[in-house]
Amino acid sequence: MLLSTYLSPDDLAALATTLKLAFLTTVILLLVGAPLAWWLSQTRSRAKVIVEALVALPLILPPTVLGFYLLLALGAQGPVGQMMSALGLGPLAFTFTGLVIGSVFYSLPFVVQPLQSAFAAIEPRSLEVAATLGARPLDRFFSVVVPLARPGFLTAIVLGFAHTVGEFGVVLMIGGNIPGETQVLSIAIYDHVEAMDYGRAHILAGGLLVLSFTLLLMVYSVNGRFRLRAAS
Amino acid sequence: MLLSTYLSPDDLAALATTLKLAFLTTVILLLVGAPLAWWLSQTRSRAKVIVEALVALPLILPPTVLGFYLLLALGAQGPVGQMMSALGLGPLAFTFTGLVIGSVFYSLPFVVQPLQSAFAAIEPRSLEVAATLGARPLDRFFSVVVPLARPGFLTAIVLGFAHTVGEFGVVLMIGGNIPGETQVLSIAIYDHVEAMDYGRAHILAGGLLVLSFTLLLMVYSVNGRFRLRAAS
Amino acid sequence: DKVRVAVASNFLATAKQLAQDFQTRTPHQLALSAASSGKFYAQIRQGAPYDLFLSADAERPQRLFREGVGNKPPVTYAIGQLVLWHPEASQAVDQTSLEQLSHQRLALANPRVAPYGLAAQQLLQQMGLWQKLQAGLVRGENVSQAFHYVRSGNVDMGLVALSQVKTMAIPEAQWWQVPAERYTPIEQQALLIQDNAPAQAVWQYLQSPEARAIIQHNGYALANIGE
Amino acid sequence: MNTLAIDIQLTRGDFQLKVNCSLPASGITAIFGRSGCGKTSLLRAIAGLESGVTGTISFDQQHWLQPELNVPTHQRGIGYVFQEPGLFPHLSVKQNLEYGLKRATDRQQVFEFDQVVNWLGIESWLDKRPQSLSGGQRQRVAIGRALLSQPQLLLMDEPLSALDASSKREILPYLERLHSELNIPILYVSHSTDEVARLADHLLLMHQGEVVAQDTINSMLTRLDLPLAHSENAEAIIEATVSGVDGEYGLMQLAGSGGELSVACQSVDIGRQVRLRLLARDISVTLKRQTDSSILNVLPVEIDAIQQSDSTATQLLLRLRWGKDIVLARVTRKSVDALGLSVGQQIYAQVKSVAVLA
Amino acid sequence: MNTLAIDIQLTRGDFQLKVNCSLPASGITAIFGRSGCGKTSLLRAIAGLESGVTGTISFDQQHWLQPELNVPTHQRGIGYVFQEPGLFPHLSVKQNLEYGLKRATDRQQVFEFDQVVNWLGIESWLDKRPQSLSGGQRQRVAIGRALLSQPQLLLMDEPLSALDASSKREILPYLERLHSELNIPILYVSHSTDEVARLADHLLLMHQGEVVAQDTINSMLTRLDLPLAHSENAEAIIEATVSGVDGEYGLMQLAGSGGELSVACQSVDIGRQVRLRLLARDISVTLKRQTDSSILNVLPVEIDAIQQSDSTATQLLLRLRWGKDIVLARVTRKSVDALGLSVGQQIYAQVKSVAVLA
Ligand SMILES: Nc1ncnc2c1ncn2[C@@H]1O[C@H](COP(=O)(O)OP(=O)(O)OP(=O)(O)O)[C@@H](O)[C@H]1O
Ligand SMILES: Nc1ncnc2c1ncn2[C@@H]1O[C@H](COP(=O)(O)OP(=O)(O)OP(=O)(O)O)[C@@H](O)[C@H]1O
Ligand code: MOO
Ligand SMILES: [Mg+2]
Ligand SMILES: [Mg+2]
């Protein structure tokens with residue numbers, strides 16, 4: 001295979017881990033983020049601003065710092081780690097599951113914010129009409145809100161996926177950079193740089209660049225076509 | 001002063017540098033991002049998706065990798081470095097100006113994306129009405145688009161500012177950690193962690209957390225109040 | 001079996017060579033994880049699943065050992081050597097190159113977190129240049145960053161590691177190895193975290209003549225065994 | 001007790017809606033009143049679209065609103081046609097129509113897809129997006145969509161205000177058929193007396209958030225104390241029976257309670273009940289029956305009331321009794337004096353035109 | 001050459017607009033036609049809001065569209081009132097009104113803020129947000145906003161369709177005054193023959209993207225070959241002069257080209273020109289002048305034309321010449337036969353009601 005001529009088995013494993021992580025994280029983010037964003041877009045509760053600020057917090061905290069505190073929380077001595085071992089489970093830090101949890105925290109605002117904007121832009125009239133046509137709340141959400149917020153969903157998916165692929169600090173801290181398990185592409189590139197193996201760093205970075213750009217191009221094309229159709 | 005009892009002079013300098021950097025970066029991002037987002041929201045050009053993908057690229061590239069390549073670009077042999085010396089200017093790496101440039105690149109998608117969504121949600125009718133009332137294009141932008149996109153602007157400002165405060169990898173690479181000039185808070189915290197000086201790391205991180213949370217809370221409150229008023 | 005080794009970033013290139021050699025000799029596989037020593041310290045305290053820790057310094061393994069990690073005291077597996085690198089040098093590089101520095105910038109690792117940085121600081125302090133050069137000092141997070149700063153042409157000179165200039169085959173005319181007595185030795189210590197057989201094998205190998213030859217070849221000095 | 005019983009309060013800014021009334025849960029009830037008087041607010045409260053409504057609403061033995069109960073909109077089984085069509089932009093016309101239909105599988109299928117599509121003349125747009133239709137075309141789709149959700153009560157908020165006169169004329173007969181053939185109760189907000197006269201059985205008059213009066217359409221229209229009789233389009237609605245057909249001239253004879261009328265032929269079903277609309281401004285009076293005129297319909301009437309007024313009025317309303325029915329005539333005060341008209345007098349009403357509504 | 005000269009093509013999906021006409025750049029020109037016939041598209045093209053319009057548009061010596069020139073909307077000096085009000089949600093009512101005013105400082109200030117606010121009765125909402133107004137209230141603000149931008153040409157796309165009858169009646173006189181006092185040319189799209197009759201001097205009839213006919217309002221209304229004369233509201237507009245006042249009964253005498261009429265008094269300015277609207281359905285004919293009736297106005301007329309029709313029609317239109325004016329009467333075919341009416345015959349038209357429009 002072509003990839004393997006350029007990439008070492010470790011690099012390939014890192015690529016696989018990265019894609020798996022980004023995919024799982026995005027799926028979980030949509031499941032968690034969509035209801036949260038919907039609540040934020042509709043509520044008049046005072047708690048709203050607090051939740052909004054909490055969601056945005058990972059943006060403002062340096063990833064390595066966030067990673068450090070997640071490590072303290074998820075590690076063997078941390079509260080979550082202690083809870084896990086009380087339940088007879090291993091610690092979450094340094095496992096793929098731990099990475100997923102960290103990534104979900106880290107990329108949450110990237111999914112919630114575009115969804116919230118898209119939801120807020122939906123005419124309340126559309127939902128009223130759906131209600132008078134006999135659609136229950138969940139039905140209204142899937143039959144009206146989701147299609148109308150489609151550009152928002154696409155943006156959320158791209159941002160969530162992309163940001164997880166690009167994440168570094170959090171993964172390094174709570175993942176432990178274990179090849180085949182928690183070593184992701186961003187760290188593999190960085191390691192090559194650190195080890196002064198510039199050639200392999202360039203190949204990996206170049207590959208990531210081309211791949212990312214292609215992915216983004218595809219998503220934006222679809223999104224753009226959708227928007228054009230909606231406008232015509 | 002209270003801060004100085006808890007923070008060393010270096011930490012205080014890092015705080016000042018961080019705020020200055022985030023402020024300047026946000027201002028520049030608005031100046032660059034608003035026209036770009038407007039163009040993206042209105043154009044039917046095919047170039048649109050390419051520009052969108054380019055803008056989103058910093059999201060997907062790990063910051064340290066981005067930083068490494070920026071370093072190569074800014075260096076004496078790099079294209080930017082060559083240009084600068086051709087212009088008789090000093091190198092940009094390890095200067096505050098260099099940091100601002102790096103941050104602008106890095107945070108661009110965080111400003112462009114919410115603005116673009118907000119712009120796209122504006123009824124074309126509003127702009128048509130403004131045109132029939134004699135408003136020229138720039139006038140329409142400031143008198144109709146900007147106020148209607150106000151929540152989008154606030155989101156863009158928060159994200160842009162926050163992401164610059166939280167940025168790490170790029171600054172680490174091209175900043176050089178020079179106290180009072182390029183040492184920012186995120187790196188100061190990181191250094192405390194690395195040096196196993198967890199006490200000071202906790203104080204700084206806690207401070208950043210409280211500060212960020214307060215900032216976010218304020219912005220979202222204003223934003224929320226605006227939205228409520230618009231809805232009533 | 002797979003042995004997980006936490007390797008300080010500056011030793012990663014050497015560790016890869018060691019791993020290759022080791023894997024030809026034993027059925028065991030090595031999984032190398034690279035990061036800064038400070039990060040590994042925090043992670044190992046939180047139960048990170050490494051079998052062996054190759055630190056960039058002595059302090060962190062010692063501290064971990066005192067805190068109850070591992071049941072053998074750490075050993076020094078390599079001693080880092082500081083060099084001054086000046087790629088554009090017009091004359092021989094030596095300590096006068098540092099003395100003549102005025103507005104040019106000098107890259108070094110951050111003394112607070114990196115042993116090479118501390119060694120660089122000691123050298124400059126001893127030469128009475130520490131205060132004078134403050135404004136022009138560019139600190140990398142670790143010694144490899146300091147190296148990139150010089151290599152990318154953003155900085156004129158750097159206090160970097162001998163292992164780096166060797167790995168990259170930098171011509172000898174461009175660098176000056178700082179005499180070992182000008183700074184506290186950069187002792188890099190290893191800590192055996194898990195006392196299982198494969199990890200033991202790596203631990204043994206690390207102190208074998210074959211391994212010591214590779215380490216030395218990569219620009220490190222060696223401690224006397226059994227010290 | 002087949003009614004829609006409403007006793008609610010609602011505050012919206014400085015506007016207060018306070019409605020206590022009981023409406024027949026059959027036929028079409030028109031809600032009439034000035035802009036801003038609360039018609040839309042009332043409809044929204046009935047639909048369960050307004051939060052903050054207090055009081056009780058019950059429909060046909062179902063409690064929709066009670067102190068401890070608030071049945072959500074989607075369970076009230078209502079159809080709602082809004083002032084603006086509100087079609088789903090992401091669905092084609094066909095999918096819009098099917099939206100409610102698919103969600104009404106547990107209800108009795110009163111309206112069928114093809115039938116409704118036919119009625120409203122929207123076959124040819126089924127595959128289009130709503131955005132490519134003109135405003136009027138969209139509203140027709142919205143009406144069809146509401147019908148296909150098989151509502152037990154239909155709420156319509158000025159549904160025709162966006163249609164042009166000829167589209168209106170096309171749709172009105174179907175709305176009339178809704179009412180005569182299908183017996184689905186409709187609350188119908190409209191500013192148009194024309195629509196009200198054609199459609200409504202019952203009329204509710206609102207003013208500043210409250211109900212001023214309600215009654216059958218003809219009682220409401222001919223009460224000289226209500227503003228309706230004084231509008232430009234003051235009118236009377238009477239029921240009559242088809243009693244004969246004049247094939248040669250395309251006329252039919254109608255028997256009213258006070259005699260016969262000739263109008264353009266619309267039905268040859270002798271004995272069929274029809275509804276007639278007589279505008280006050282179309283009726284003149286004479287003391288003797290006149291011949292030699294193009295006016296076909298001359299009714300012997302008795303003056304029931306003459307509008308009291310000050311001496312500056314130019315025109316007056318006459319309330320005329322024709323058999324058991326009441327009609328209104330608008331005449332000049334000068335004519336009242338010149339002809340010496342007085343209550344109880346037997347005169348003749350010349351009806352210039354009669355509209356057959358259904 | 002004071003005209004709005006249009007020769008344009010525009011394709012929107014499978015709809016083709018192809019208009020070549022020259023409209024008077026004064027008075028009110030009504031644009032009339034069925035839903036979807038392209039009225040809105042035409043207005044948008046004139047305003048410069050549609051891209052893809054080819055051809056030429058010029059107004060009053062200004063070229064707006066030429067092969068190499070496309071003057072942007074904001075420089076065309078037009079006002080536009082859309083079907084939906086389109087008020088700026090982020091501005092108060094006052095700020096909405098001032099939006100255009102502030103940007104028209106280089107134009108002649110024809111409309112003053114207080115005057116317009118008064119006219120439209122919107123003083124009390126000035127500090128409100130548009131969202132808190134009802135649909136009708138919003139449209140009134142939108143009309144004011146357009147006027148205050150001091151347009152040299154006003155485009156109105158069914159501006160009153162969202163208003164109730166009484167609000168309409170309130171605003172119409174101001175629109176009439178716009179036209180009589182201020183001489184600002186207006187293109188007015190409407191489905192309402194009532195509005196058209198009251199306001200328009202000129203009428204443009206559209207069908208499927210093309211202009212069918214255009215002429216002065218009365219010529220258009222009374223042409224038996226156009227659909228207008230066959231609508232429910234077929235009517236004639238004639239000009240008359242106030243010639244006397246009957247104070248006691250609140251009537252005034254009007255002199256038309258064929259004689260006198262009495263109508264409700266609206267002006268005591270003897271000699272003033274007024275515009276009268278006579279609906280075909282309000283006119284009956286008699287062979288001899290009748291007395292003893294409440295109908296005041298009986299006009300001696302000559303039959304100019306009788307609508308040709310097959311033998312199934314119930315009603316026919318008569319085109320009657322009263323002096324130099326033309327009026328229409330709708331009578332039953334039976335009456336035409338019974339009275340033996342024929343072209344050229346001298347008969348009497350009984351006018352049940354006459355509306356004075358301005
Ligand atoms: N969202 C709102 N918030 C506050 N007040 C409102 C709101 N919508 C309407 N109102 C007020 O409530 C009153 C009743 O409005 P409503 O829309 O029910 O009137 P309506 O009779 O339907 O008027 P129209 O004939 O113009 O549609 C109005 O006076 C208006 O000022
Ligand atoms: N955005 C659009 N894209 C494609 N076709 C359109 C669009 N808007 C309108 N049309 C088509 O253009 C034609 C003319 O529309 P237009 O809105 O000008 O008609 P109108 O005479 O103003 O109708 P109405 O009286 O209903 O407002 C219609 O047949 C419609 O199908
Ligand atoms: O091994 Mo270091 O931490 O780069 O000096
Ligand atoms: Mg309403
Ligand atoms: Mg239109």
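Here Ala, Val, Leu, Ile, Met, Phe, Trp, Tyr, Cys and Pro count as nonpolar, Asp, Glu, Lys and Arg as charged, and the others, Gly among them, as polar. With that split, the shell around ligand 1 in this predicted model comes out as 2 nonpolar, 10 polar and 4 charged residues. The shell holds 16 residues, and those that come nearest to ligand 1 are Ser35(D), Gly36(D), Lys39(D), Thr40(D) and Ser41(D). Looked at by element, helix H1 of chain D, residues 39-47, is the top contributor to this shell, giving 3 residues. Chain D does not do the job alone, though: the site is shared between chains, because the residues that surround ligand 1 come from chains D and E.

The polar contacts of ligand 1 tell a similar story. On the chain D side, a polar side-chain atom of Lys39(D) sits 2.9 Å from an oxygen atom of the ligand, and a polar backbone atom of Gly38(D) is 3.0 Å from a ligand oxygen. Chain E chips in through Ser132(E), where a polar backbone atom is 3.3 Å from an oxygen atom of ligand 1. On its own, ligand 1 has 630 Å² of accessible area, and the protein covers 83% of that.

Ligand 3 has a rather plainer setting. Around ligand 3 are Asn10(C), Ala56(C), Ala114(C), Pro115(C), Tyr116(C), Asn142(C) and Val143(C). Sorted by class, that makes 5 nonpolar and 2 polar residues, with no charged ones. Backbone atoms supply polar contacts here: a backbone N or O atom of Val143(C) lies 2.8 Å from an oxygen atom of ligand 3, and one of Tyr116(C) lies 3.3 Å from a ligand oxygen.

Turning to the interfaces, chain D brings 57 residues into contact with 56 residues of chain E. Together these two chains bury about 4,200 Å², and carbon and sulfur atoms give 45% of that area. The polar side of the D and E interface includes 20 residue pairs in polar contact, counting pairs with both residues at pLDDT 80 or more. There are also 2 salt bridges between chain D and chain E. One of them joins the side chains of Asp246(D) and Lys334(E), at 3.8 Å from N to O. On the side of chain D that touches chain E, the elements giving two or more residues are helices H4 (135-148), H5 (165-181) and H8 (333-339), along with strands S16 (283-286) and S19 (325-332). That side of chain D is made up of 16 nonpolar, 23 polar and 18 charged residues.

Chain E also meets chain B, in a contact that takes 21 residues from chain E and 20 from chain B. The area buried between chains E and B is about 1,900 Å², with 59% of it on carbon and sulfur atoms. Between chain E and chain B, 4 residue pairs are in polar contact, both residues being at pLDDT 80 or more. The salt-bridge count across this interface is 2, and one such pair is Arg44(E) with Glu128(B), whose side chains meet at 2.7 Å from N to O. At least two residues each of the side of chain E that touches chain B come from strand S7 (78-81), helix H2 (93-102) and helix H4 (135-148) of chain E. Of these, S7(E) gives the most, with 3 residues. By class, this side of chain E has 8 nonpolar, 9 polar and 4 charged residues.

Technical notes
Residues numbered from 1 in each chain as written. Chains lettered and ligands numbered in written order. Predicted model: local features only at pLDDT ≥ 70, side-chain atom pairs only at ≥ 80, totals over all residues. Heavy atoms only, no water. Near = heavy atom within 4 Å. Polar contact = N/O pair within 3.5 Å; in protein donor to acceptor, adjacent residues only side chain to side chain. Areas by Shrake-Rupley, 256 points an atom, 1.4 Å probe, with all protein chains shown as cover. Helix = DSSP H or I, 4+ residues; strand = E, 2+ residues; numbered from the N terminus. Contact = heavy atoms within 4.5 Å. Buried area = accessible area lost by both parts, 1.4 Å probe. Salt bridge = Lys/Arg side-chain N within 4 Å of Asp/Glu carboxyl O.
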